[in-house]
Amino acid sequence: MLAGKIKRRSTLLSAFSQQASEIQSLIDQYSLLDTEEISHSLVALSPHFIKPNPPRSVVNRAIALLGAASLKILALRPHTEQIIAILGLQNGYILEMDTGEGKTLVSGLASILLAWRKRPCHVLTVNDYLATRDKAFLSPLTDFLGISCGIVISEDSAEQRRQQYACEIVYTTSQELLADFLRDRILLRRGDSHAYHILGQISGYQPALVTRGISSVIVDEVDSILIDQAVSPLIIAAPGENKFLETLISEANDIVRHLEKHTHYSVFTKQKYIQLNHSGIDKILNVTAEMAGLWQNSRKAIELVEQAIKAKELYIRDKDYIVEDDKVIIVDEFTGRKMPDRSWSLGLHQAVEAKESVTITPPNETQERMSYQKFFRLFDHTCGVSGTVNEVANELWHIYRLPVLKIPRHKACQRTVHTEKVFKTKAEKWRFLVELIEQTLNKQQPLLIGTRTIDDSEQIAHLLEAKGLPYQLLNARYSEEEADIISKAGSCGRITIATNMAGRGTDIKLDTVSFHNGGLFVILTEFHDSPRIDRQLAGRCARQGDPGCYLAISSFEDELIQQAIPTYIRRILYSCLNSSIGQKAALMLFARAQRKAEKQAYRQRQSVLSHDLQMKSSLSFNAEY
């Protein structure tokens with residue numbers, strides 16, 4: 001079966017390659033035209049794309065004219081591999097394109113073809129920064145062609161969103177689009193998404209709606225959005241005044257101080273789960289015996305205290321959230337960015353607020369809920385691109401019915417990958433890191449240090465500060481400075497310390513000195529739950545044929561290994577870590593831990609999807625009376 005798939009992909013790639021060659025020949029011809037002739041020719045071709053599957057000759061001419069327009073307006077001519085990718089997106093494929101291969105231009109040109117269908121075309125990225133950057137990149141070309149191009153970011157008002165969603169191409173994030181989609185469903189007061197899709201297209205219908213329906217979507221960093229973010233649904237909730245519950249949450253936080261880990265409860269960090277034992281339950285009932293009200297309901301009392309324990313043990317400051325201006329702000333685990341408009345449900349957010357002694361916000365009441373799996377199945381045309389999708393190709397097919405196609409490189413990769421190093425403790429790892437940074441600076445080579453948590457990024461910063469080494473720090477606390485920090489990260493001798501904010505989509509340009517000194521040196525300081533995230537960080541160097549190098553370092557005190565590998569196995573390896581065999585064995589354990597974490601995440605995604613299917617079944621009815 002696998003051989004059959006490989007053969008089909010090879011045949012498809014060969015067909016797209018032949019078509020791309022024909023298009024390149026046409027670009028040679030159309031590049032001789034002036035800009036006005038190119039514009040008129042594109043306008044004349046656009047009606048052919050209102051219906052799906054236009055003739056091949058029309059597609060070839062359109063992409064060739066867009067290529068010629070790109071050359072004149074953006075000074076970028078799409079190379080053959082990029083044209084293959086455009087054809088893949090137009091045909092509904094998920095593409096694996098290596099980092100630095102020009103995905104932004106590919107998505108931009110493909111979005112113009114989809115916009116000609118006269119229905120909304122959304123281009124989704126993983127954060128506001130990338131959406132803003134990519135929209136600014138494409139705007140000169142869409143302005144030239146008379147195509148409206150908008151952007152929706154988290155800080156926009158409802159009216160700003162409505163105006164931007166009216167555009168033919170809209171850049172935004174998956175969270176913003178799904179949230180606005182659900183808010184519109186609330187306004188329509190029904191869950192019929194297909195009716196929404198149709199009604200949203202009708203001119204003048206429901207002026208209160210923010211979006212104008214969904215039709216086509218191009219998903220950048222598609223594995224992050226369709227896979228990683230799909231572990232939990234997006235919930236639209238409204239705050240409801242409940243002083244009674246706020247008091248209970250504060251009291252539950254006080255009760256937790258009487259409980260001890262291992263003695264009264266067990267913690268399962270990976271599953272985000274805690275389990276009270278008999279001793280813990282007895283302790284809670286004893287403490288609450290003299291308390292009034294809901295505390296006399298033993299089941300409710302235990303539920304409240306369990307949430308408080310979760311807040312204490314499972315949600316870690318400067319990893320899962322930060323505290324800013326007397327507020328608890330969630331930090332996205334995949335992007336490392338602040339998410340000020342989101343909160344945990346079922347009283348968990350309030351439990352974390354009580355733990356941090358900040359103002360407890362009113363608990364939210366769920367108004368709408370939808371998983372990413374269900375949402376992306378609603379689009380007429382879904383396609384996407386990422387540098388790391390091959391590992392999840394089966395899941396993309398089984399859940400979304402989206403096939404994956406690997407696009408060949410335009411230029412050979414010049415990345416040097418050093419052998420990973422494993423240390424017993426974090427302290428040993430940090431000492432090695434600082435020494436390595438000093439050695440690399442002597443070569444006048446820029447460094448990007450990737451960390452998993454805000455706390456680790458700031459710890460490295462303190463170590464460099466003690467050595468008198470200058471650095472730039474990029475994490476959720478400094479997100480406003482992101483564009484400036486990234487723009488300088490490829491400069492000679494620059495040290496940039498970053499969480500996952502620099503892991504996806506960021507394009508670090510080398511200056512001349514850095515190029516000749518070996519390019520960007522990327523150091524991963526801790527393995528993530530998914531090797532795809534590690535690969536994304538590695539992809540920040542050696543882009544588009546540039547030189548660069550990558551090294552991963554880790555320790556037995558890292559979160560991944562602590563949670564997945566038993567203590568006795570780690571101790572066995574301690575004594576032989578200084579040998580090559582010990583290092584290889586340790587790396588095998590880390591790989592095993594990642595596989596274990598990925599299986600757990602997969603089960604979570606399946607659970608979310610199962611819940612959607614159960615809800616659909618339980619809420620179904622016969623419309624015929």
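A residue is called buried here when its relative accessible area is under 20%, and exposed when that value is over 50%. With this cut-off in hand, and keeping in mind that the model is a predicted one, a reader can begin at strand β4, where 5 of the 5 residues are buried, so that the strand is largely enclosed by the rest of the structure. The side chains of β4 point in two directions, with Ile 169, Tyr 171 and Thr 173 on one side and Val 170 and Thr 172 on the other, and all of them are buried.

The surroundings of β4 come next. Strands of a sheet pair through backbone hydrogen bonds, either parallel or antiparallel. Strand β4 belongs to an open sheet of 7 strands, arranged in the order β3-β4-β2-β5-β13-β1-β14 and paired in the parallel sense. The edges of this sheet are formed by β3, residues 149-151, and β14, residues 404-406, each of which pairs on one side only, and from one strand to the next the twist averages 20°. On one side of β4 is β3, which runs parallel to β4 and is joined to it by 3 bridges, with Ile 151 standing opposite Tyr 171 of β4. Strand β2 is likewise parallel to β4, and 5 bridges join the two; here His 122 stands opposite Val 170 of β4. Further along the order, strand β5 (residues 216-220) pairs with strand β13 (residues 381-386) in the parallel sense over 5 bridges, and Ser 216 has His 381 of β13 as its bridge partner.

Helices lie across this sheet as well. Helix α6, which spans residues 128-145, lies across β2, β3, β4 and β5 and runs at about 165° to β4. Helix α8, made of residues 174-188, lies across β2 and β4, and its direction makes about 105° with β4.

A second sheet, also open, has 3 strands in the order β9-β10-β11, and its pairing is antiparallel. Because β9 (321-324) and β11 (338-339) stand at the edges with a single partner strand each, one side of each is left without a neighbour in the sheet. Strands β9 and β10, the latter covering residues 327-331, run antiparallel and are joined by 4 bridges, and Glu 324 stands opposite Lys 327 of β10. Helix α14 (residues 348-355) packs on this sheet, where it touches β9 and β10 and takes a direction of about 120° to that of β10.

Another pairing involves strand β7, residues 265-268, and strand β8, which pair in the antiparallel sense over 4 bridges; the bridge partner of Phe 268 in β8 is Tyr 273. Along β8, residues 273-276, the side chains alternate, in that Ile 274 and Leu 276 point to one face and are buried, whereas Tyr 273 and Gln 275 point to the other face and are not.

From strands the path leads to a pair of helices. Two packed helices are described by the angle between their axes and the distance between the axes. Helix α17 (residues 426-442) packs against helix α18 (residues 454-466) at an angle of about 55°, and their axes are 11 Å apart, which makes α17 oblique to α18. The crossing of these two helices is right-handed. On the side of α17 the contact is made by Lys 426, Trp 430, Leu 433, Val 434 and Ile 437, and on the side of α18 by Asp 456, Gln 459, Ile 460, Leu 463 and Leu 464. Sorted by class, the residues in this contact are 7 nonpolar, 1 polar and 2 charged.

Some loop residues complete the tour. His 262, in the loop between α11 (243-256) and β7, has a positive phi of about 75° although it is not a glycine, and its relative accessibility of 65% means that it counts as exposed. Ala 542, in the loop between α21 (531-538) and β21 (547-555), is also not a glycine and has a positive phi of about 55°, but at 4% relative accessibility Ala 542 counts as buried. Glu 290, in the loop between α12 (278-287) and α13 (298-313), counts as exposed because its relative accessibility is 76%. The C-alpha atom of Glu 290 is separated by 73 Å from that of Lys 411, a residue 121 positions away along the chain.

Conventions
Residues are numbered from 1 along each chain as its sequence is written. This is a predicted model: local features need pLDDT of at least 70, side-chain atom pairs count only at pLDDT 80 or more; totals for chains, interfaces and linings use all residues. Side-chain values use heavy atoms; hydrogens and water are left out. Axes are lines fitted to C-alpha atoms, for helices over the stretch in contact, and angles run from 0 to 180 degrees between N-to-C directions. Angles under 35 degrees count as roughly parallel, over 145 as roughly antiparallel, 65 to 115 as roughly perpendicular and the rest as oblique. A crossing is left-handed if the near helix is turned anticlockwise from the far one by less than a right angle, and right-handed if clockwise. Contact means heavy atoms within 4.5 Å. Ala, Val, Leu, Ile, Met, Phe, Trp, Tyr, Cys and Pro count as nonpolar, Asp, Glu, Lys and Arg as charged, and the others, Gly among them, as polar. Two strands pair if DSSP finds at least two bridges between them. Buried means under 20% relative accessible area, exposed over 50%, partly exposed in between (1.4 Å probe, protein chains only).
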